[in-house]
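Dear colleague,

I am handing over the structure below, and the notes after it set out what was found. Please read them with the model open beside you.

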Amino acid sequence: MPLAEDRLGDGVRVLVLGGTTEGRLLVAALSGDARFAVALSLAGRTKGPLVAPVSTRVGGFGGALGLADWLRVHDVARVIDATHPFAARISHNAAEACLQTATPLLGVRRPAWEAVAGDRWIEAADMAAAVDALGAAPRRVFLTIGRQELASFARAPQHSYHVRTIEPIGAALPVPRLVPISARGPFSREAEAEFLSAAGIEMLVSKNSGGAATYAKIAAARDLGLPVVMVRRPSLPDIEFVSEIEDALAWLHAAIG
Ligand code: NAP
């Protein structure tokens with residue numbers, strides 16, 4: 001989707017690939033700074049995304065080539081990849097498109113969570129391994145892995161699943177015992193523990209997303225002594241990255257001298 005030139009305005013043109021708390025905080029910090037003309041890009045997975053104070057485009061670019069075109073057409077000077085650590089395809093596309101167009105690229109990546117005393121994590125390399133980790137015996141499982149990979153769990157229909165997502169899941173997980181929950185965090189540790197106990201959850205499945213926004217469920221599982229199947233991150237492109245918004249802002253400020 002083209003973004004009207006007049007909407008992008010003057011200033012150093014920055015494209016922020018978002019869909020995360022970091023993306024939102026970054027564009028909020030840049031929105032009042034006339035030295036930058038910022039565009040936020042969202043994949044369009046969430047129907048009612050939180051409104052951003054900058055020009056926002058929604059939908060895929062059409063692969064790395066499409067993104068490279070977009071960078072050229074909009075004369076983008078800097079790209080920040082603030083997408084989710086599990087959104088590997090767009091990150092690889094961004095790396096390739098920026099290489100093709102010689103556009104400086106910075107990643108914003110939150111550090112992965114580390115297990116601490118009391119955690120009962122079962123590490124899984126990917127979603128297929130996470131399904132296996134639930135075992136053969138029926139269990140009450142809490143899935144907080146988003147919508148896109150729910151279908152992986154259809155081959156383990158012996159479990160009963162509570163599935164929490166922002167958007168309704170429709171028919172994404174065809175199993176006999178399913179409790180879908182549509183909700184957008186943040187959730188408190190206490191509320192998560194209360195929910196896990198009330199629902200009789202025996203195991204959780206989570207992506208190792210990192211960050212504070214979705215950590216309460218992990219802490220609550222520890223409080224209750226529940227095992228968590230923790231899915232490791234996919235491999236991401238080898239690019240310069242920072243963990244903090246402030247460091248991304250400093251990188252942009254260095255660009256304008
Ligand atoms: P993905 O597998 O890496 O991307 C799939 C395709 O979606 C990309 O090839 C691209 O399409 C399009 N896309 C992804 N992010 C985009 C963005 N910010 N702007 C424009 N197009 C985008 O990504 P995903 O896992 O579907 O995640 C989609 C979005 O949801 C990301 O912005 C991510 O930050 C957010 N998110 C993902 C997760 C997760 O666990 N995966 C969790 C929370 C939030 P084209 O090739 O056509 O350009």
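A polar contact here is a pair of N or O atoms within 3.5 Å; within protein, one must be able to donate a hydrogen and the other to accept it, and residues adjacent in sequence count only if both atoms are side-chain atoms. By that rule, a polar backbone atom of Arg89 is 2.9 Å from an oxygen atom of the ligand, a backbone N or O atom of His84 lies 2.7 Å from a ligand oxygen, and a polar side-chain atom of Gln148 lies 3.1 Å from one.

This is a predicted model, in which local features need pLDDT of at least 70 and side-chain atom pairs count only at pLDDT 80 or more, while totals for chains, interfaces and linings use all residues. Residues are numbered from 1 along each chain as its sequence is written, and side-chain values use heavy atoms, with hydrogens and water left out.

Around the ligand there are 23 residues (each with a heavy atom within 4 Å of it), and the closest are Gly18, Ser41, Phe61, His84 and Lys207. Helix or strand labels aside, α4 (88-101) and β2 (36-42) are the elements that give two or more residues to this shell (helices, H or I, have at least four residues and strands, E, at least two, as DSSP runs numbered from the N terminus), and α4 gives the most, with four residues.

Kind regards
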